Structures are given as C-alpha cells and as structure tokens.
Amino acid sequence: MLKQSKLTALLLLVSIMAIAGCGQTNKSSAGKDMNTNQPAMTASTPESSESKNVEITFYYPVNVGGPLTKVIDGMVSTFMEQHPDIKVNPVYTGNYGDNTVKIQAGVQAKQPPDVAVMMSTELYSMLDMKAIIPLDDFIVKDTDIQMSDFYPAFLEDTQTESTTYSIPFQRSTIVMYYNKEMFKAAGLDPEKPPATWDELVTYAKKLNRDGHAGLEIPGNDDSYWMFQMLARQNATDPKQNIMSSDGKKAMFNTPENVEALQFWLDLSHKQKVMPEGVIDWATVPTDFIQGKTAMMMHTSGNLTNVKNNAKFEFGVAFPPAQKQFGSPTGGGNLYIFENTSPEKQAAAWEFVKYMTASEQAALFSSSSGYVGVRKSAYDTEAMKKYTADFPQALVARNQLEYAFRELSTHNHGKVSKAITNQIQAALAGEIDAAGALKKAQEEADQALAPFNK
Amino acid sequence: MAGWSEKLRRNGFGWGLVLPSLLFLCLFTYYPMLKSVWLSMYEKNLATPEPLFVGFGNYANLLKDQVFMKVLGNNIGFAIGTVPTSLGLAFLMALFADKAIKGRGLARLSFFYPNMIPMIAVANIWLFLYTPHFGLLARLATWIAEQPINLLGTPNTVMGALIIMMVWKEAGYFMIFYLAGMQQIPKDLYEAAAVSGVGALTSIRRITIPLTMPTTLFVGVVAITNSFKLVDHLWIMTKGGPNNASNLLLYYIYDTTFNFYDQGMAATMTVVMIVLLLIISSMQFFGWDHKIHYE
C-alpha cells in the first residue's frame, strides 16, 4: 500500500513537471527573443555598452527552384560582419504561403518576427491586423536609403495613402519565354517574337504542331496575376488596374476586362493553340523546358531555372500588347513588425537597408533571376557581367516602365480567391467570360463591404 | 471518512496512471474544442479585429455560404466514392491474402505497401501520374478520351482522380483488419460447409461476410472519418481547385483561417465538423454494434 501511494505521488509529480515544462518552453523562447544574450555578454565584458547588442529574427520564403537559402544566409552573415552589434537569426519558412501562415501565427501569439520578406499583396491584411509599422520616419531620417533609386513600379505596392510600409526585395514581372528552335522549324524569325495579340495568335497557330502546344498560360493558384496582365494590355487608360489604389474597391467587371478574359479563353477553345482547361502553374516551365510548348507566359523568377535546364536556345520578350504593353509586378518586400522594441526596429531597419542596397540587389538578382530592385544595381560590375552573358535577364527590367501593382486589397484572401475561382471556372468551360467576372465582382464587393462603411 | 480514504487509496493509483495522458488530452484536444465553440459565437476577422459577440449568427451565415455547401457536398461525395470501394477492395484483397498459398507474405506486403508511404509523398507521386503530357494516367485518359485532358484541371474529373488515389492508398490498410477478422473465424465452419457440399462462393457469402461484419462496421467508421480528415493531398495537388471542385471541409477551414483570416467562421466550421465526426463515430457505440454480432 505504501508503495502504491508513493507511485501515485510520483505520477502526479511527473504530470506537474510535464505541465510546468510546457509553460517553461514558452517562457524561455519568449525570453530568448528579448535578452538571453545580454546577461551573458555583460557578465563577461561588463564595460561594453549592453544596449548596443540587439538580436533580431528574420523570416524569409523561397518560391523558386535553386539554392537561394544559401544566398540569403550568406547575405545575412556579411551583414553581421559589418554590424557586430546586431545579431540576425535568419529563418527559412518555406514558400510564400507557409511563410505568411507562420508570420500570422507569430502575430497572433504576440511573438512576430522583427523583419520578414512577405508578399507585397499582404499589405492591407497586415495593416488590418496592426502587425506592421510605417517606415516613413526611418526614410526621412536616413539619407542612405535613396528611395528614388528604386524602380517606381516596385514602390507602388509598398505604399498606401502616401505612407510607405515596406521596401522592395524579391521582385518579378511576367515575361514571355519562347523556344527559338521551334520558331525556326515553323518558319518564323527567332529574333522577332510576337508583339501584339494578333501576332501572338498567328504565331501560336504556326507553332502548334509536331505534338507541342503553341502557347501555355497557367491558370491555377493565382490566376488573377495573368488576368491582370491581359486586362492591362487591353485597357485604353494607361493606368487602368483591376482594383483601386487604396485597396477598397475591386474593378473586375468592365467591358475591357471581359474582352481580356475572352481572349484568354479563345486561345484554347477558338484558336486551339493552347491546351484546354486549367493549366498548372508548376508544370508550365517543365512543359517549356521539355519542348511541350513553344511559348509560355511565366514569372521572370523562373529565368535561372529555364536557363539552367533548357537544352535549346530560348528568347525572352515582353508579353504582347493589345492596346498597350503591361505586366503586374509580383514577389515580396521587406516588412518591419509591431510589438517589438524600438531598438529592434532600428536594427531591423539597418538590416533592410543593407539587404536592398545596390550590391546586395545585384547579387540577389544575378543568383536568382529576380529583377534587381534598384537602378544602381545594374551599374555594378557583378550585374554588368551577368547581363552581358545573359541579356535575357534585362527584359524583365526593361519592362518595368509598363509594370504596375499586383492585385492587393483589404480582405485580400477572399477577394483574390473570388477572381481566381471564377477564372478557373471560365477556363474549365463552366461559365462564360462575362458571367465569371460578374460573379467575381459580386463576391469581391461583398468581401470589401465592411471596409467601405 | 474511512471509506473516503480507502476509496482514494484504491482509485488514486488508477487516476495517477491516467492523469498524464488526460492532461495532454485536455491541453491539446478538449480545451481547443471548447475554445472553438466559444470562438464560433464571435465575429472575428480582418474587418473586426476585436471579437464581436454574434450568438449563432455564424451558423446562420454558414447555411448561406455557397462554398461551404459545395465543400460539404464534395466531402460527402468523397466519402461515398472512397469508403465502399476501398472496403470492397480491402475485403477481396484480404480473401486473397488469406487463401494464397504461395507468396502469401509478398501478397500481404504489396497490398499494405501504399499505406506505409506518407500522404504527402503519395500526393506527389500521383500528381506526376496525372501531369498532362508526362504522367502515365494522364496519357491513358488522353488515349481514352481521344483528346488532351487535364485530369486535375477539369472540374468533372478532378474528384474522381483524387478518389482513385485515396482508394489505392487506403484499401491496403483496411485489408489488415479484414485479414485479422478472417483469421478469427473457426476453420471447422468452412470444413462443415465443404462436407455439406457448399460451394466456395456460398461459404464466403454465408460464413465469411456475416462473421466479418463487426470488422466492416469498425473499418467503415474509420474510413468515413478518414475521408473527412485526410486532406494533405490537396496542398500538393489542387489547392481545392479548379473553382472549389476538389475542396474538402478541413482544407476550407484551413483556408478560412490562414488565407481569409476569418477566425470566427473557421471556428464555426470546426464545430460543425467535430459534431459530424462525433455522430459518425457514435454509430459504433450505439445500436448498430449489437445488431451485427453473431455470437
């Protein structure tokens, strides 16, 4: 009996320890962010000023193939060499979606990262969650940042109502890739890619032979991105976009947009130059590399992938124009978060500034295929060498004068899902172009209603 | 008083043994469940960051949510598509694995093998099989339809494609239960049947099927709950598309939380799902269980 009661007590003890353990891990990880490093530092070197040592956490996603994590971790360690008083903990968080989920969970738990790369389209969601800080104070005080050196097309989505909330980092546009050998085989000039919608159709018809498609435009995941491109190309107003710049209105259902979506549908159903149905985002580059399609519209972020894997000569061009050229920008910016100390935010700003300076922008662009975010990045030696060897990399940059902001609104998840789903339904032949955009508009209006009160 | 201390001494040890796991169950199962019920009474999303009490308003809105209705319908379709087929297949495979004289071990291993691969890996393998131009099954479908067909990109075919994959994965797992059930059946029953001149088919129909009914019930419940719980493949293969044609309840809940930031509605759907799963699993404990025992 005595033995049993001892055992009971032991079991109780174990359970209490388990619970305490749970509590402890939480506390210590919270503490780690704050100042675990500092007591140790001050204990060993009492004379060094303790306020100077700051530790910040940096979340970043990688969304394209290749060993980009190494590049970013390398940039982080050079930063720490130059700023011995700041310790940066880089955390690779998966793709953009996973990254956003992790950041959101951190914000909910009041333990956000200090600085993170996040989709430019998350701006309004982060503002509605009161998760990020405006950067205007830093920009005004800090002359080193030179905001005018960034490409204006990339700055567009860092701002709303003339306040800046992020700095461009990992950016792209849509470009058209084409297989030069297939052009030759079809009797087309490989140095003259199609420049208008009509030419695109004529070319694609000639190229649609020998068991490969003429053209592929991906339609799943964020199909609104491709739709935005076609809509802008078909817009009479050079500044027309599918949402308002304050993120409170969606403008999907316009006659010009219906024409744009109809053109997309016709490529498969009427012209028969593109496979029918919803074409998968991830398989399009594979199809192109394997010679299953002669042309593709895809992100410029895939340049390095195509360059390394295509066994043929390929060209890169602006996606063709109807009334004008146009492509939305895409990708991620650097954000600094609320709920940390001013010292950490200042350290995060130093880090942001470093990561987006010309040399780093050049390094990151040449190793990833993303567009260099600064004009001066293209004047660096590294970039000059890269673009001399690989002139295709300049196309996305040159296109920036026609580039514009990616769909970004309040309640972005619901609004983008509304348009994406309807585009998919239209591509699958369940609904016509006009009906799809009407429905998308209704759903978006409903999602945006609370923000227009 | 003496009785009380006696009781404590007698039961204390038992409770002590249960306590650790009970604590974790409370922490990670019951507490979140109650919290979901509480949260489902509130509106909490990007437009209303501070929770706003709405009573059963979320539940009323849920009935009006077309996507939710579609997703629920998809899930029921998914269950109807996967459960009877995988159960039937599992039964046949178990019969074979039970009777096979040569290569019995190999038969069992190869039937069970798909179940040992993680869902994410299965999804990646099947994604490739369904990839237009390249995948084996995509080519087969193209050959049958006599035109290029994108199985995962077409609303009419996507659900069927996912159901086939799920049956392939799940049937081997359920076979194990049937195999165990069949080996419980006394061999003299079959001998008696054989002596009486009853054919093999009749003895399966009259002996094997009735005597494995408890297994069928158990496996059926597991299969139905699985069809609501297994959604890992959606991340890899379709993300619920095209236009929600392959979206399932759990994935929609995830989307609502982490993509739409609508925690109130997500909690409401979670409660609906918990209730659904409770009803399904309670089938095993009430009524049905007694009706099908033959002992």
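How many helices and strands are there in chain B? Hi everyone, let's start there. Chain B has 14 helices and two strands. Please keep in mind that what you see is a predicted model.

So how spread out is chain B? Its radius of gyration is 24 Å, and the globule rule for 295 residues gives 19 Å. The value for chain B is well over that, so the chain is more spread out than a compact globule. You can also look at the C-alpha trace, which spans about 80 × 75 × 30 Å along its principal axes.

Staying with chain B, 44% of its 295 residues count as buried. If we take contacts between residues at least 6 apart in sequence, 68% of them join residues at least 24 apart. The accessible surface of this chain is about 16000 Å², and carbon and sulfur atoms account for 70% of that. As for charge, chain B carries 19 positive and 14 negative side chains, with 6 Å between the centres of the two sets.

Now, on to the aromatics. Over all chains, the structure holds 37 aromatic pairs. I picked two of them from chain A for today.

The first pair on my list is Phe79(A) with Tyr354(A). Their ring centres are 5.3 Å apart and the planes meet at 55 degrees, so we call this pair tilted; edge-to-face would need over 60. Phe79(A) sits in helix H3 (residues 68-82) and Tyr354(A) in helix H14 (residues 342-355), so the pair ties together parts of chain A that are 275 residues apart in sequence. Are these two residues buried or exposed? Both Phe79(A) and Tyr354(A) are buried.

The other pair is Tyr151(A) with Tyr378(A). Here the ring centres are 6.3 Å apart and the planes are at 75 degrees, so this pair is edge-to-face. Where do the partners lie? Tyr151(A) is in the loop between helix H6 (136-141) and helix H7 (152-155), while Tyr378(A) is in the loop between helix H15 (358-368) and helix H16 (381-389). This pair therefore ties together parts of chain A that are 227 residues apart in sequence. Tyr151(A) has 10% relative accessibility, so it counts as buried. Tyr378(A), at 10% relative accessibility, counts as buried too.

One last thing to look for on the screen: which residues join Phe79(A) and Tyr354(A) in an aromatic cluster? They are Phe58(A), Tyr60(A), Tyr92(A) and Phe351(A). Thanks for listening!

Key. Residues numbered from 1 in each chain as written. Chains lettered and ligands numbered in written order. Heavy atoms only, no water. Helix = DSSP H or I, 4+ residues; strand = E, 2+ residues; numbered from the N terminus. Rg over C-alpha atoms; globule rule 2.2 N^0.38 Å. Buried < 20%, exposed > 50% of the residue type's maximum accessible area, 1.4 Å probe, protein only. Contact = heavy atoms within 4.5 Å. Areas by Shrake-Rupley, 256 points an atom, 1.4 Å probe, with all protein chains shown as cover. Lys, Arg positive; Asp, Glu negative; His and termini not counted. Charge placed at Lys NZ, Arg CZ, Asp CG, Glu CD. Phe/Tyr/Trp six-rings, centres within 6.5 Å; stacked < 30°, edge-to-face > 60°.
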